[in-house]
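Student: Could you take me through the charged side chains of this structure, with a close look at how they pair?

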Amino acid sequence: MDDEKPLFWVGAALDDLRVLPAEVKDVFGFALHLAQWGDRHPDAKPLKGFKGASVFEIVEDYDGDTYRAVYTVRFPDAVFVLHVFQKKSRRGARTPKPDMDLVKQRLKVAEAWYHKLANDDG
């Protein structure tokens, strides 16, 4: 495994995680920990709509509700958590468009943040 990569929270992702049930937080926390070490949780799947396998979604069902965390390993020296939310729609497994739009927006923020970090270190 690689060295542990720092974890960065984009937007309100950390605040959104904090309000989830403890059991869901445990699963998401473990998945993110694995990502920091260059590994992948068995339930983490590439999120459709993004080229390559660099944006992942982990889905956890708990007490009749579905929760999702989206993160990216696109950058070699960091993991960015882009979005954490409870899926409201009961229809289908597809991630709702407003959530996908937010992920895309936050991915752009993460990219700018990462390039600023890389330039500050260099």
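Tutor: Happy to; here is a walk through the charges and their partners. This is a predicted model, in which local features need pLDDT of at least 70 and side-chain atom pairs count only at pLDDT 80 or more, while totals for chains, interfaces and linings use all residues. Residues are numbered from 1 along each chain as its sequence is written, and side-chain values use heavy atoms, with hydrogens and water left out.

First, the setting. The chain has three helices and five strands, and from the N terminus on they run β-α-α-β-β-β-β-α. Helices (H or I, at least four residues) and strands (E, at least two) are DSSP runs, numbered from the N terminus. The chain carries 19 positive and 20 negative side chains, and the centres of the two sets lie 10 Å apart. Here Lys and Arg count as positive and Asp and Glu as negative, with His and the chain ends not counted; each charge is placed at NZ of Lys, CZ of Arg, CG of Asp or CD of Glu.

Now the pairs. Side chains of opposite charge can pair when their charged atoms come close. The structure holds three salt bridges, each being a side-chain nitrogen of Lys or Arg within 4 Å of a carboxyl oxygen of Asp or Glu.

One of them joins Arg-68 and Glu-57, with the closest N and O atoms 3.2 Å apart. Arg-68 lies in strand β4 and Glu-57 in strand β3, so this bridge ties together parts that are eleven residues apart in sequence. Both Arg-68 and Glu-57 are buried, where buried means under 20% relative accessible area, exposed over 50%, and partly exposed in between (1.4 Å probe, protein chains only).

In helix α3, the side chains of Asp-101 and Lys-97 meet at 2.8 Å, N to O, and the two residues are four apart, about one turn of the helix. Asp-101 is partly exposed at 33% relative accessible area, and Lys-97 is exposed at 58%.

Asp-15 and Arg-18 form a salt bridge at 3.4 Å, N to O. These two are three residues apart in helix α1 (residues 13-18), about one helical turn. Asp-15 is partly exposed at 47%, whereas Arg-18 is exposed at 52%.

Finally, look at Arg-106 in helix α3 (residues 97-121). Arg-106 is buried yet has no salt bridge, and the nearest side chain of opposite charge, Asp-16, is 4.6 Å away. Leaving aside residues up to four places away in sequence, Arg-106 touches Val-10, Gly-11, Ala-12, Ala-13, Leu-82 and His-83, a contact being heavy atoms within 4.5 Å.
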